[in-house]
Amino acid sequence: MRRLRGVVVWGAGAVLAVGAGVVPAHAVGEETEADLSYHGFAVMDGGRVDVRLTPRNHGPGAVADSTVRLRWSVPLAAGEQWLPAGCARTGRQEVVCRTGALAADGLGEQLALRVWLRGRPAEVTMAVDTLWGGGAVDRNRSNDRQQVLVLDTGDAYFF
């Protein structure tokens with residue numbers, strides 16, 4: 001055991017004590033690995049887009065929180081959008097939403113939002129991706145980056 005500036009270090013697999021908190025030594029410097037993805041659908045009718053999506057973590061580690069970003073190929077209409085708690089408009093064409101905690105190999109709570117697009121476009125491309133993964137390493141980024149073409153038909157387009 002040795003003491004360095006208020007930190008007590010015992011061999012591998014031991015515990016570090018810093019101030020009043022105690023952290024397992026194996027957790028210091030290690031990153032959690034997770035595999036986030038999003039599945040759902042979007043419906044456009046008269047320039048209004050309804051989106052429902054469910055975040056999923058394929059694991060192997062849990063994620064305390066993360067942020068999903070939705071971007072549209074045309075600007076959002078001026079004024080307020082219908083966004084649930086934990087979502088915010090962050091740009092002319094972008095909304096971000098917290099997913100909340102995601103257990104390893106678990107589903108998160110469904111997110112439901114409604115946005116209005118500027119004008120009445122006949123189609124829009126919506127991109128969905130992870131903006132922040134809660135500090136976890138995601139080695140499979142292909143399943144959390146999707147694009148879906150949504151036509152103004154009132155039909156659901158799945159991703």
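Reader: Let's start with D65. Where is D65 found?

Author: Look in the loop between β6 and β7, and you'll find D65 there. Keep in mind that this is a predicted model.

Reader: Is D65 buried or exposed?

Author: Buried: D65 has a relative accessibility of 14%, and the cut-off for buried is under 20%.

Reader: Which residues is D65 in contact with, leaving aside its neighbours within four places in sequence?

Author: R98, T99, G100 and A101 make one run of partners, and W132, G133 and G134 make another.

Reader: Let me zoom out. How many helices and strands are there in the chain?

Author: Zero helices and 14 strands. Reading along the sequence, you just get β after β. Of the 159 residues, 40% are buried. As for contacts with a separation of 6 or more, 67% of them are between residues 24 or more positions apart.

Reader: And the outside? What supplies the area that the chain exposes?

Author: The chain exposes about 8900 Å², with 52% of that coming from carbon and sulfur atoms.

Reader: Now strands. How do I read the two faces of one, say β11?

Author: The general idea goes like this: side chains in a regular strand alternate between the two faces of the sheet. Now step along β11, residues 111-116. L111, L113 and V115 sit on its covered face, while A112, R114 and W116 are on the uncovered one.

Reader: How many bridges join β6 to β11?

Author: Six, and the two strands run antiparallel. To find your place, use L53 in β6 (residues 48-57); its bridge partner in β11 is L111.

Reader: What about the largest nonpolar core? Which residues have the most contacts inside it?

Author: Nonpolar core here means buried nonpolar residues joined through their side chains. The largest one has 29 residues, and V51, W72 and M126 have the most contacts inside it. Several strands chip in at least two residues each: β5, β6, β7, β9, β11, β12 and β13. The biggest giver is β5, with four residues.

Reader: Take V51, then. What does V51 touch?

Author: Not counting residues up to four places away in sequence, V51 touches F41, A42, L70, W72, L111, A112, L113 and M126. Two of those, L111 and L113, belong to the covered face of β11, and W72 and M126 are the other core residues named for having the most contacts.

Reader: F41 is aromatic. How do I read an aromatic pair?

Author: You describe a pair of aromatic rings by the distance of the centres and the angle of the planes. The count here comes to one aromatic pair. The ring centres of F41 and F158 are 5.6 Å apart and the planes are at 50°, so the pair is tilted.

Reader: Why does that pair tie together parts that are apart in sequence?

Author: Because F41 lies in strand β5 (residues 36-45) and F158 in strand β14 (residues 156-158), the pair ties together parts that are 117 residues apart in sequence. The two rings aren't covered alike: F41 is partly exposed at 26% relative accessibility, whereas F158 is exposed at 63%.

Reader: On to charges. How many salt bridges are there?

Author: The count comes to eight. Try R114 and D50 as a worked example: their closest N and O atoms are 2.5 Å apart. R114 is in strand β11 and D50 in strand β6, so to speak two distant parts of the chain, 64 residues apart. R114 is partly exposed at 30% relative accessibility, but D50 is buried at 11%. R48 joins in as well, linked with D50 and R114 in a network of salt bridges.

Reader: What about a salt bridge between loops? Where do R139 and E33 lie?

Author: R139 lies in the loop between β12 and β13, and E33 in the loop between β4 and β5, so this pair ties together parts 106 residues apart in sequence. Their side chains meet at 3.4 Å, N to O. R139 is exposed, with a relative accessible area of 65%, and E33 is partly exposed at 32%.

Reader: One more: which residue meets R141 in a salt bridge?

Author: D144, at 3.1 Å from N to O. R141 is partly exposed at 28%, while D144 is buried at 0% relative accessibility.

Note on methods. Residues numbered from 1 in each chain as written. Predicted model: local features only at pLDDT ≥ 70, side-chain atom pairs only at ≥ 80, totals over all residues. Heavy atoms only, no water. Phe/Tyr/Trp six-rings, centres within 6.5 Å; stacked < 30°, edge-to-face > 60°. Buried < 20%, exposed > 50% of the residue type's maximum accessible area, 1.4 Å probe, protein only. Pairing = 2+ DSSP bridges. Core = buried A, V, L, I, M, F, W, Y, C linked by side-chain atoms within 4.5 Å. Contact = heavy atoms within 4.5 Å. Salt bridge = Lys/Arg side-chain N within 4 Å of Asp/Glu carboxyl O. Areas by Shrake-Rupley, 256 points an atom, 1.4 Å probe, with all protein chains shown as cover.
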